[in-house]
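I opened the notebook to go through this one piece by piece. Sequence and structure go in here, and my entries follow.

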Amino acid sequence: MLISKKWLSQYMDLSDITMEEVADRITCAGLEVEGIEYGSTATNLVIGEVVECIPHPDSDHLHVCQVNDGEGIRQIVCGAPNVRSGLKVIVALPGAKLPGGEIKNGVIRGQESNGMLCSLLELGVDAKTLTDYQKAGIEELAEDAEVGNKDVLGYLGLDDITLDVGLTPNRNDCLAAFAMAKETGAILNKKVTLPAYEGYADGGLPTSLKVSSKSDKCPLYLGKIIREVTI
């Protein structure tokens, strides 16, 4: 069962406890946490905008970019094929720590480079969740992305922590998020507030679905078509 901090936080207040502590408490209660996955551990990021992009004078694939990071213009050498002027980008500032190492000021083929333009892959996002286009270049942010915003992981939805909970066969009830939330609330002695759902099954348009039961041992059998599910 995969359950994230954001998901659990919809049901209870977790502001006073870390997810590592939650994992320990859940495991001690008998629901073994087999892994903790972070959306990203990258630091010192900011949303920037490429205001100028020209070919590197000593390379056939690099570009020299002038990037507005909200506090000024910094020069960054980038080798991504999709980098271009006007693009909103993820900028790892000098001192940033990415899964692949720490970003430092440097000189690339004679041109200063003060930072790095990042792909989601370089932030540690699982390659299986990305398209080939995303994996081949830097991440292209929406036009309305705020230049200078330093909560990049929050903007991207990567500021989350997911617990991989191993369930024994007798606890398949915890495969439901709200049930896992109730179990966690009991373990942590926290008040759990479940969303109101009365009447939700009556929503939607009439359908042609018809169900019936011809078994005396099952006098009533109900069915409903569910479309456009959003998590």
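**Cores**

Which residues have the most contacts inside the largest nonpolar core? I looked them up in what is a predicted model, and they are Ile 3, Leu 14, Val 22, Ile 26, Leu 163 and Val 165. The core has 22 residues in total. Helix H2 (19-28), strand E12 (161-166) and helix H5 (177-188) each put in at least two residues. H5 gives the largest share, with five residues.

I then clicked on Val 22. Leaving out residues up to four places away in sequence, Val 22 touches Leu 14, Ile 17, Leu 163, Thr 184 and Leu 188. Apart from this core I found another, with 18 residues. Ile 47, Leu 98, Leu 123 and Leu 141 are among them.

**Whole chain**

Stepping back, I counted five helices and 12 strands in the chain. How far does the C-alpha trace span along its principal axes? I get about 85 × 50 × 30 Å. The radius of gyration is 24 Å, whereas a compact globule of 231 residues would come out near 17 Å.

Burial next: 35% of the 231 residues count as buried. The chain exposes about 14,400 Å², and carbon and sulfur atoms supply 51% of that. I also checked contacts between residues at least 6 apart in sequence, and 63% of them join residues at least 24 apart.

**Cysteines**

I searched the whole structure for disulfides and got zero. Cys 53 is in none, and its nearest cysteine sulfur, in Cys 65, sits 3.9 Å away. A pair would have to be within 2.5 Å to count as a disulfide.

Why is there no bond from Cys 118 to its closest cysteine sulfur? That sulfur belongs to Cys 78 and is 9.2 Å away, so it is too far for a bond. Cys 118 itself is buried, with a relative accessible area of 1%.

**Ile 161**

Back to strand E12, where I picked out Ile 161. Is Ile 161 buried or exposed? Its relative accessibility is 16%, so it counts as buried. Setting aside neighbours within four places in sequence, I list these contacts for Ile 161: Ile 3, Ser 4, Lys 5, Met 19, Ile 36, Glu 37 and Tyr 38. Ile 3 was also on my list of residues with the most contacts inside the largest core. I took one C-alpha to C-alpha distance as well: Ile 161 and Glu 139 are 22 residues apart in sequence and 22 Å apart in space.

**Two loop residues with polar contacts**

Ser 59 is in the loop between strand E3 (45-55) and strand E4 (63-68). I had to check its exposure, and at a relative accessible area of 15% Ser 59 is buried. What lies 3.0 Å from a polar atom of the Ser 59 side chain? It is the backbone nitrogen of Leu 62.

Thr 129 is in another loop, between strand E11 (116-117) and helix H3 (132-136). Thr 129 has 55% relative accessibility, so I put it down as exposed. Its side chain reaches the backbone oxygen of Asp 126 at 2.7 Å. For a longer look across the chain, I took Thr 129 to Gly 199: 70 residues apart in sequence, 35 Å apart in space, C-alpha to C-alpha.

**Positive phi**

I flagged Asn 44, which has a positive phi of about 55 degrees although it is not a glycine. Where does Asn 44 lie? I find Asn 44 in the loop between strand E2 (32-38) and E3. Its relative accessible area is 36%, so Asn 44 is partly exposed.

Glu 228 is also not a glycine, and I read a positive phi of about 55 degrees there. Glu 228 belongs to the segment after H5. Its relative accessible area is 78%, so I wrote Glu 228 down as exposed.

Notes. Residues are numbered from 1 along each chain as its sequence is written. This is a predicted model: local features need pLDDT of at least 70, side-chain atom pairs count only at pLDDT 80 or more; totals for chains, interfaces and linings use all residues. Side-chain values use heavy atoms; hydrogens and water are left out. Helices (H or I, at least four residues) and strands (E, at least two) are DSSP runs, numbered from the N terminus. Buried means under 20% relative accessible area, exposed over 50%, partly exposed in between (1.4 Å probe, protein chains only). A polar contact is a pair of N or O atoms within 3.5 Å; within protein, one must be able to donate a hydrogen and the other to accept it, and residues adjacent in sequence count only if both atoms are side-chain atoms. A nonpolar core is a set of buried Ala, Val, Leu, Ile, Met, Phe, Trp, Tyr and Cys residues joined through side-chain atoms within 4.5 Å. Contact means heavy atoms within 4.5 Å. The radius of gyration is taken over C-alpha atoms; the globule rule is 2.2 Å times the number of residues to the power 0.38. Accessible areas come from the Shrake-Rupley method with a 1.4 Å probe; for residues, only the protein chains shown count as cover.
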